[in-house]
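Q: I'm new to this structure and would like to learn how to read it. Could we go through it feature by feature?

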Amino acid sequence: MNTFVQLLVNGLGKGAVYALLALGFVVIFKATEVINFAHGSLALIGGYLIAVTVDTLGFPLAALLGVVGAGLAALLIERLLLSRSRFATPDSLALLTIGIDVVVVEDIFRRLGTTVPYLGAPWDARPIQLGGVTLFSTQLVALVVGLVLITAFFLAFRFTNWGIAMRAQAENREAAALMGIRSSRVTATAWLVAGVLAGVAVMFIVTQDFSGTGLSRTTHAIAFAAFPAAIIGGLDSTAGAVVGGVVVGLTQALTEVYVSIPFAKVAVFLVMLIVLVVRPAGLFGTRELSRV
């Protein structure tokens, strides 16, 4: 029983991280109908900035720099590359993000060379004992931070002008434009928010508790595992992104122990396939993946 409780809490912590990343996928898709395959690269940019500045600035300032840097990188990608392709289809822009992802990933690891740095997170490798249950500090902090950020996101999405504009644009882009909503501003903000969320998520991914390794290609692979989370919940559903993230986190945590670590890597995709067979639009989505 203690093992199950431990896995449940740690899985929820992982799920919070995946939810942050999945929200980035969904926000960009709702604003642009583009699937951003460079999302893992945004996490890497944030992690790289933290890794190269943490010894000089200390973790708090380096973390702030990484989060802001990831957000600005996302904004630059949208402003300098995607927004200039005005007549490109969403499918073409999705392919463009694959190219961006390859360039960013290879450049970062060229700069890192053979080093695999950790980010110096103060919560890493500090297990907590509660009533005979061992919990990882990283997952507990991730769960708290995730809850705060997700709550803030949904409040902004529901009550701010940006959130209203985002929902209007997602519903009908042409009607939103006729109402005076500036599509370019909504899109740019969506990319900025997605980058910031990726920058926060990487601080938990690059830990001994979460991935067991420093900033590496594994980091990119883990960040991309949030894509199944977005698909499970529904690419056009922000609430679905959160649920999908929790499903992915719990699936990984439980299968790693009760089945095997290799199986855990594919279990998430098996869950995704099962969900798509039962409900092609995802658990909370309204658009089938085949129509994206």
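A: Sure, let's begin with a term: a salt bridge is a side-chain nitrogen of Lys or Arg within 4 Å of a carboxyl oxygen of Asp or Glu. Keep in mind that this is a predicted model.

Q: How many salt bridges does a search of the whole structure find?
A: The search turns up 5. One of them pairs the side chains of Glu256 and Lys14, at 3.7 Å from N to O. That pair links distant parts of the chain, since Glu256 sits in helix H11 and Lys14 in helix H1, 242 residues apart.

Q: Is Lys14 buried or exposed?
A: Here you look at relative accessible area: under 20% is buried, over 50% is exposed, and partly exposed lies in between. Lys14 has 7%, so it counts as buried. Its partner Glu256 has 31%, so that one is partly exposed.

Q: Which residue forms a salt bridge with Arg111?
A: That's Asp107, with the closest N and O atoms 2.9 Å apart. The two are separated by about one helical turn, because they lie 4 residues apart in helix H4 (residues 90-112). Salt bridges that share partners also join Asp107, Arg110 and Arg111 into one network.

Q: What about the nonpolar residues?
A: In soluble globular proteins, nonpolar side chains tend to be buried together. In this model, the largest nonpolar core has 83 residues, and Phe59, Met166 and Met203 have the most contacts inside it. Helix H1 (residues 2-32) gives the most to this core, with 13 residues. To see some of these contacts, take Met203: among the residues it touches are Ile50, Phe59, Leu119 and Trp123.

Q: Where is Val242 found?
A: Look in helix H11. With 19% relative accessibility, Val242 falls under the 20% cut-off, so it counts as buried. Leaving out residues up to four places away in sequence, Val242 touches Ala19, Leu23, Ile150 and Phe154.

Q: How do I read a single helix, say H12?
A: Start with its length, then check for a bend, then see what is buried. H12 (residues 261-278) has 18 residues and reaches 26 Å from its first C-alpha to its last, close to the 26 Å expected. There is a bend of about 30° at Ala267. Ala267 is also one of the buried residues of H12, which include Val268 and Met272. Helices H10 (226-233) and H11 (238-258) are among what covers those buried residues.

Q: What happens at the start of H12?
A: There, a side-chain oxygen of Ser260 comes to within 3.2 Å of the backbone nitrogen of Phe263.

Technical notes: Residues are numbered from 1 along each chain as its sequence is written. This is a predicted model: local features need pLDDT of at least 70, side-chain atom pairs count only at pLDDT 80 or more; totals for chains, interfaces and linings use all residues. Side-chain values use heavy atoms; hydrogens and water are left out. The expected span of a helix is 1.5 Å times one less than its number of residues. The bend at a residue is the angle between axes fitted to the seven residues ending there and the seven starting there. Buried means under 20% relative accessible area, exposed over 50%, partly exposed in between (1.4 Å probe, protein chains only). Contact means heavy atoms within 4.5 Å. A polar contact is a pair of N or O atoms within 3.5 Å; within protein, one must be able to donate a hydrogen and the other to accept it, and residues adjacent in sequence count only if both atoms are side-chain atoms. A nonpolar core is a set of buried Ala, Val, Leu, Ile, Met, Phe, Trp, Tyr and Cys residues joined through side-chain atoms within 4.5 Å.
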